[in-house]
Amino acid sequence: MLLHQGYSNHPEKPVRLSIIWSYLEEVSLDAICPLIKGRTATTTELQRVHKKDYLDILQQYCSNYQPNTAFPSQYGSGIYFNEHTWSCASFAAGSLCEMTKQVLSDDSLRNGMALIRPPGHHALSNFANGFCYLNNVAMAAAMAVEEFHLERVLIIDFDVHHGNGTQALFYESNQVMYFSAHRWEEFFFPKTGKIEEIGEGKGKGYNINVPLTGFAYREEDLYYIFVHVLRKLIQQFSPELILVSAGYDAVKQDPIGKMNVSIQGFETLTQLILFFANECMTTPKVIYALEGGYNVTQIAECVMASMKALVLYSHSVCSQEEVDSFYDTSKVSPITITTCQQVAHVLEGIWKL
Ligand SMILES: [Zn+2]
């Protein structure tokens, strides 16, 4: 997954992943939790989410890669390629599917974190964009539904960008709920993720967006959203599996996100997710998959913060008192509170928020 590489200053670069590994080596991760070996995605896994003609084009373009030949614009924009792009993207997606399969099959495995790249949540069924080629999390969710016959999978996306690909792929599904809290501005990629985008048909109400606009949000804003919106959704939807599109580009000093979430904030967010899961799921299973995060030092520290919660708190999550303390609104932007009220309003009659 390190061989996919663009020009040297491109923000989605291999060091994002290698620096995380160097941090993890220092804590002897294999002594703390089992390591799952990655693998390439199968054709079945790929085709559950992506169109065959798109997959063929992507694969052929990479195997015959020539720097001066443009990728067909009807199949992608805002992406780069080299001859390893297909194999890295397919390995990233396959590895998350394998982790999901093992966590779902083995009662002793409760949580997981897939350290993978390229990211996936912007990838559509037939279009690569936003540094994403294959939608890793969507493929894992589709596998959980089709192979494991799960009826309710929740995807939580806290990347600073809205996961336009994941939203589109499950927009008419009531088996996969998509929840995203993200920065929203007219000019900010991918320009989707408005409150009113709640799903269609059977999927109406199963797509929940909390777009934050006009200010640099902090961890307290995300805690508020999680406690006031996400917790209630989990209580009512009762997911059998939670997949997390874990993007760390809302952290302070991320060159793209430009938000104000602290590194420690990602530990608490993970604790909250685990608390909600333990509260509502018979067998809580929470799997993180790396998405964005472009400050190469901070991405490693943020992953470590999430890992700390996933490994240490998987059996004893934060207390009810700690969760209740997140109801303190003094550090929360009034914009966040209003946005949550608007989300509750558009979902009236579907979910009690
Ligand atoms: Zn992002």
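A residue counts as partly exposed when the number of other C-beta atoms within 10 Å of its own falls between the exposed limit of 12 or fewer and the buried limit of 20 or more. Keep that in mind as you open this predicted model.

**First stop: Ala-216.** Select Ala-216, and you land in the loop that links strand 4 (207-212) to helix 8 (219-237). Ala-216 has 15 other C-beta atoms within 10 Å, so it is partly exposed. Now add Lys-258, Met-259 and Asn-260 to your selection: these are the contacts of Ala-216 once its neighbours within four places in sequence are set aside. Try a C-alpha to C-alpha distance from Ala-216 to Asn-260: the two lie 5.6 Å apart in space, though 44 residues separate them in sequence.

**Second stop: strand 6.** Next, select residues 286-290. Five of the five residues in this strand are buried, so strand 6 is largely enclosed by the rest of the structure. Colour one side by picking Val-286, Tyr-288 and Leu-290, then the other with Ile-287 and Ala-289; both faces are covered.

**Third stop: the partners of strand 6.** Show strand 1 (residues 111-114), which pairs with strand 6 in the parallel sense through four bridges. Here you can find Ala-114 opposite Ala-289. Then bring up strand 5 (residues 241-246), which runs parallel to strand 6 and is joined to it by five bridges. In this pairing, look for Val-244 facing Tyr-288.

**Last stop: the crossover.** Keep strands 5 and 6 on display and add helix 9 (residues 263-280). Together, strand 5, helix 9 and strand 6 form a right-handed β-α-β unit.

How values were computed:
Residues are numbered from 1 along each chain as its sequence is written. This is a predicted model: local features need pLDDT of at least 70, side-chain atom pairs count only at pLDDT 80 or more; totals for chains, interfaces and linings use all residues. Helices (H or I, at least four residues) and strands (E, at least two) are DSSP runs, numbered from the N terminus. Two residues are in contact if their C-beta atoms, placed from the backbone, lie within 7 Å. Two strands pair if DSSP finds at least two bridges between them. A crossover is right-handed if, with the strands pointing away from the viewer, the path from the first strand over the helix to the second runs clockwise.
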